[in-house]
Amino acid sequence: LVFIPSMGALYAGLQNPTFRKLTNWQSRTAMVLMPTLFAFGFASENRLTERMHQVADESEHALQTMEWAQRHQNQSKEEYFRQQMTPEEHDRLMGLYRQSVLQSGPK
């Protein structure tokens with residue numbers, strides 16, 4: 001996109017004998033390539049910055065979703081146990097769990 005206008009500007013400059021006399025082939029090449037390289041670098045940096053912000057937003061959303069899911073799961077478990085078991089049954093279940101953990105340890 002920038003290369004063609006740079007070539008046009010160089011062509012227009014070459015029509016002037018003073019311009020031709022004051023520049024060599026390296027400087028003329030640089031006059032065509034440097035604006036193109038600048039445009040490429042600028043566009044790449046902008047795209048990279050946008051992508052970094054997008055990844056940061058996605059990561060933040062994932063963390064918020066995980067926190068919500070854990071909070072919801074903990075609330076659901078508590079409500080389930082409250083609705084399904086009496087305190088005596090809950091204590092009995094915890095005793096059985098404690099006993100199985102103790103028995104599964106090193107012998």
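So, Pro17: with a relative accessibility of 56%, this residue counts as exposed, because the cut-off for exposed is over 50%. You'll find Pro17 in helix H2, which covers residues 17-22. Now look back along the chain to Val2, 15 residues away: the C-alpha atoms of Pro17 and Val2 sit 25 Å apart.

Keep in mind that what we have here is a predicted model. How confident is it? The protein chain has a mean pLDDT of 85, and 91% of its residues reach 70 or more. Confidence is highest in H2, at 90, and that's the helix with Pro17. Helix H4, residues 87-103, has the lowest confidence, with a mean of 83.

Okay, on to the aromatics. How many aromatic pairs does the structure hold? Just 1. That pair is Phe38 with Phe42, and the two rings are stacked, 6.1 Å centre to centre with 20 degrees between the planes. Both belong to helix H3, residues 25-84, and because they are 4 residues apart there, about one helical turn separates them. Phe38 is also exposed, at a relative accessible area of 60%.

Right beside Phe38 in the numbering we have Leu37, another residue of helix H3. Is Leu37 buried or exposed? At 51% relative accessibility, Leu37 counts as exposed, since the cut-off is over 50%.

Leu37 also brings us to the surface. Together with Phe3, Ile4, Met7, Leu33 and Met34, Leu37 makes a nonpolar surface patch of about 610 Å². Which helices supply that patch? Helix H1, residues 3-14, and H3 each give at least two of its residues.

Note on methods: Residues numbered from 1 in each chain as written. Predicted model: local features only at pLDDT ≥ 70, side-chain atom pairs only at ≥ 80, totals over all residues. Heavy atoms only, no water. Buried < 20%, exposed > 50% of the residue type's maximum accessible area, 1.4 Å probe, protein only. Phe/Tyr/Trp six-rings, centres within 6.5 Å; stacked < 30°, edge-to-face > 60°. pLDDT = per-residue confidence, 0-100. Patch = residues over 30% accessible without salt bridge, like charges linked within 9 Å, V, L, I, M, F, W, Y side chains within 5 Å. Areas by Shrake-Rupley, 256 points an atom, 1.4 Å probe, with all protein chains shown as cover. Salt bridge = Lys/Arg side-chain N within 4 Å of Asp/Glu carboxyl O.
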